[in-house]
Structure formats: C-alpha cells, structure tokens
Amino acid sequence: MENLLEVKNLQFSFRTYGGVVKAVRDVSFEVRPGEILGIVGESGCGKSVTSQCLMRLNPEPPGFFEGGEILYKGKDVLKMNKKELRQFRGKEISYIFQDPMTSLNPTMRIGKQIEEVFVGRKGMSAAEKKAKALEILKMVGISDGERRYKQYPHELSGGMKQRVMIAIALVGSPSIVIADEPTTSLDVTIEAQILDVLKNLQKTLGTSIILITHDLGVIAKLCDRVLVMYGGKIVERGSVDEIFYDTAHPYTKGLMHSIAKLDTAKGHKLQPIEGTPPDLFAPPKGCPFAARCEYCMEICKDMPPQTYELSKEHETCCWLQHEYAPDTDMRRKVTE
Ligand code: SF4
Ligand code: MG
C-alpha cells in the first residue's frame, strides 16, 4: 500500500542568540497506513522537533526549514498556506502532547474541550456534538462519559486526562496520530492501559500512530517499526525484531543495555550511556555518536558514516558495517 507520509531529507533549525541550532539533520522516513512507528532516542535527539515538523507545529521563526520535503498523500506540507494548514491539522494528522496537565484548559469542562474541535463544522446540532463527544470518550475507554463530560481537568487522574487528550486528538478522524511521550508522567499500571488504548485505536480505526519515546520498553510493547534518533539524525531503523534482536548501531546497543539492566536486576540503577549528546550549534563533522562510542575509529571523527542496508527494512548509519572495518559484535551482513 502507498505511504501516507513521506519525509525526504528534512532539515530544521532554530535561530537563537547563541547561533543556529541544527535540530533535525537530513532525516528521511515514511509512515505507512495503519502502522505504529516508534521514534526513540534520549531527550534532545530531535524526535519531538521532527514529529512537530510534520504538522508545522514548531514556531517559525525562530525555527526554519533548511531543506527537505514532507509529502502527505502526495501534497507538500511545507508549501501549505495558513488556511490549508488549519484544515490539515487535526483532520489529517493530530498531536498528543507529552503533558496532559498543561495541555488541557483548566477552566473548561471536558466535554466542551472535545467539542471545541467541532467548532466551525457546519450542520452539527449541540445534541449531535455531545453524542459524538461521548462516543469518542467511549472509544478511549471512558465508560462513564456522561459524568466525565461535565467535569473539569483537575477532577481527573493523570491517566484519565491522557485518555481525554487522546479523545481530543481523535475528533477530526485523522489518518495519523502523533503521541509524544504519552506515558512519561504516568505510573506503570496506567502506562499499560494508555498503551492499550493506542493499540486498540490502531486496530479498530486503522489509524497510523507515530509513537515518540525515550523508552525502548514502550517500543517493544507497541510498535511495528522503529527509528532510532541521535544528534538530530536517524542512526538506525528497522522492524521491532531487527532493532531488538539484530541491533546494528552502537547507540541502539547502549539504549538496549539501559533497559536490560533494569529488567534483570530489580532495584539496579538505570545504566545511562556515558557522556552527553553532541552540541547541535556545532555538530561534529564525523559521526554524531563518536564522542561516546565504545567502537569509535579514526574515520568516525572525520567523516559522517554511510548508511548500510542490512535488509529491506533494516538500515544502520555506522562505519562498522564497512567492508574494511574490524570484525565486532556489531557486524551484520550487508545486502548487496
Ligand atoms: Fe561508533 Fe563510528 Fe559507528 Fe559512529 S560510525 S557509531 S563512532 S563505530
Ligand atoms: Mg520531547
């Protein structure tokens, strides 16, 4: 089936007092109908900025596109005017922000916040709007919708608020929903419930979901395919199985290590990858991960690594796949 969305060589930067921050550097990927695509990486790796580019949600200025294309069903999002963008947002793609506590309006009842999205839609009576709002609340697993409809955000638990955020994202029946760290502020039980809600939407409505997270555990539970981002770039991509069982990039290996430790030894402290992400004011000229990579070679500091195709879905951007690179546990068979 045709891709819903195609991102080609996207570059997005911010002008700041300190100079230009290159937040998204030559990123390409596609979103297919009905899939759950994970984008994983540490904070500041560019995953939120990238996904907000898809709806032009980053403020422009200070942000600006330095290059690339975003094609939604063949139409270039970067060429849309304000009116086209307004119609596009929420109806074609919608965004669930990280923190439901700050994204909901504290002075407005839940029902009204959902119905706000219908504003401007002609020919809908108040009763029809309410019926639709209740139907959507049910879809996100809120069974006592009548009661919730009249409540204010402060009367809801964190998990309940996140369900409402998902409900609001669904009002326009979008083809793609972007969920940005949707469970970060929730405890583990509630997290599992919210992930179930997302999974169900994908199954019953066929909505494609882009799930942004720093947590590979969340990826494992939900996603079909994964993009691993580092320093504003995609460093590895593949099916969930390939990323977990055939890891080909040292950064992904590091992320994996940090969850494995957590699983095997209860109470064991999360083992972060040593060092800090690169300075995006002046990105390193070679591999962005060079300063932290246990496998770093001379070439890594001087030249940006090539992308190596390991299977139809699996790609890694790392010199270790070069035919002259030393044999390491990261070596995978490169398809010719
Ligand atoms: Fe490490 Fe070099 Fe691969 Fe970068 S290109 S991840 S520095 S081995
Ligand atoms: Mg973020």
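## The nonpolar core

The largest nonpolar core of this predicted model contains 76 residues. Within that core, Ala167, Ile178, Ile210 and Val228 have the most contacts. Helix H7, which spans residues 158-170, supplies the largest share, seven residues. Both domains take part, since the core draws at least three residues from each of domain 1 (5-92 + 174-321) and domain 2 (106-173).

Ala167 may serve as an example of the contacts made by a residue of this core. Leaving aside residues up to four places away in sequence, Ala167 touches Ile114, Ile136, Leu137 and Val140.

## Two domains and their contact

The protein is divided into domain 1, made of residues 5-92 together with 174-321, and domain 2, made of residues 106-173. Taken over C-alpha atoms, the centres of domain 1 and domain 2 are separated by 30 Å. Eleven residues from domain 1 and eleven residues from domain 2 form the contact.

On the side of domain 1 that touches domain 2, the largest share comes from H8, with four residues. The residues on that side of domain 1 divide into seven nonpolar, three polar and one charged.

## Strand S8 and its parallel partners

Strand S8 covers residues 208-213, and six of its six residues are buried, so the strand is largely enclosed by the rest of the structure. Both faces of S8 are covered. Ser208, Ile210 and Ile212 are buried on one side, and Ile209, Leu211 and Thr213 are buried on the other. Ile210 is also one of the residues with the most contacts inside the largest nonpolar core.

S8 is paired with two strands described here. Strand S3 (residues 36-40) runs parallel to S8 and is joined to it by five bridges; in this pairing, Leu37 stands opposite Ile210. Strand S7 (residues 176-180) also runs parallel to S8, again with five bridges, and Asp180 stands opposite Ile212. S7 and S8 are further related through helix H8 (residues 188-205), as the three elements make a right-handed β-α-β unit. H8 thereby appears in two settings: in this unit and on the side of domain 1 that touches domain 2.

## The antiparallel sheet

Strands of a sheet pair through backbone hydrogen bonds, in either a parallel or an antiparallel manner. An open sheet of four strands, in the order S2-S1-S4-S5, has antiparallel pairing. Its edge strands are S2 (19-31) and S5 (75-76), each of which pairs on one side only.

At the S5 edge, two bridges join S5 to strand S4 (residues 63-72), and these strands run antiparallel. Leu71 stands opposite Asp76 in S5.

## Met256 in helix H11

Met256 lies in helix H11, which comprises residues 250-264. Is this residue buried, exposed or partly exposed? Met256 counts as partly exposed because it has 14 C-beta neighbours inside 10 Å, whereas a buried residue would need 20 or more and an exposed one 12 or fewer.

When residues up to four places away in sequence are not counted, Met256 touches Leu216 and Thr247. Met256 and Ile273 are 17 residues apart along the chain, and their C-alpha atoms are separated by 10.0 Å.

Key:
Residues are numbered from 1 along each chain as its sequence is written. Chains are lettered from A and ligands numbered from 1 in the order in which they are written. This is a predicted model: local features need pLDDT of at least 70, side-chain atom pairs count only at pLDDT 80 or more; totals for chains, interfaces and linings use all residues. Two strands pair if DSSP finds at least two bridges between them. A crossover is right-handed if, with the strands pointing away from the viewer, the path from the first strand over the helix to the second runs clockwise. Domain bounds come from an automatic or database domain assignment. Two residues are in contact if their C-beta atoms, placed from the backbone, lie within 7 Å. Ala, Val, Leu, Ile, Met, Phe, Trp, Tyr, Cys and Pro count as nonpolar, Asp, Glu, Lys and Arg as charged, and the others, Gly among them, as polar. A nonpolar core is a set of buried Ala, Val, Leu, Ile, Met, Phe, Trp, Tyr and Cys residues joined through C-beta atoms within 7 Å.
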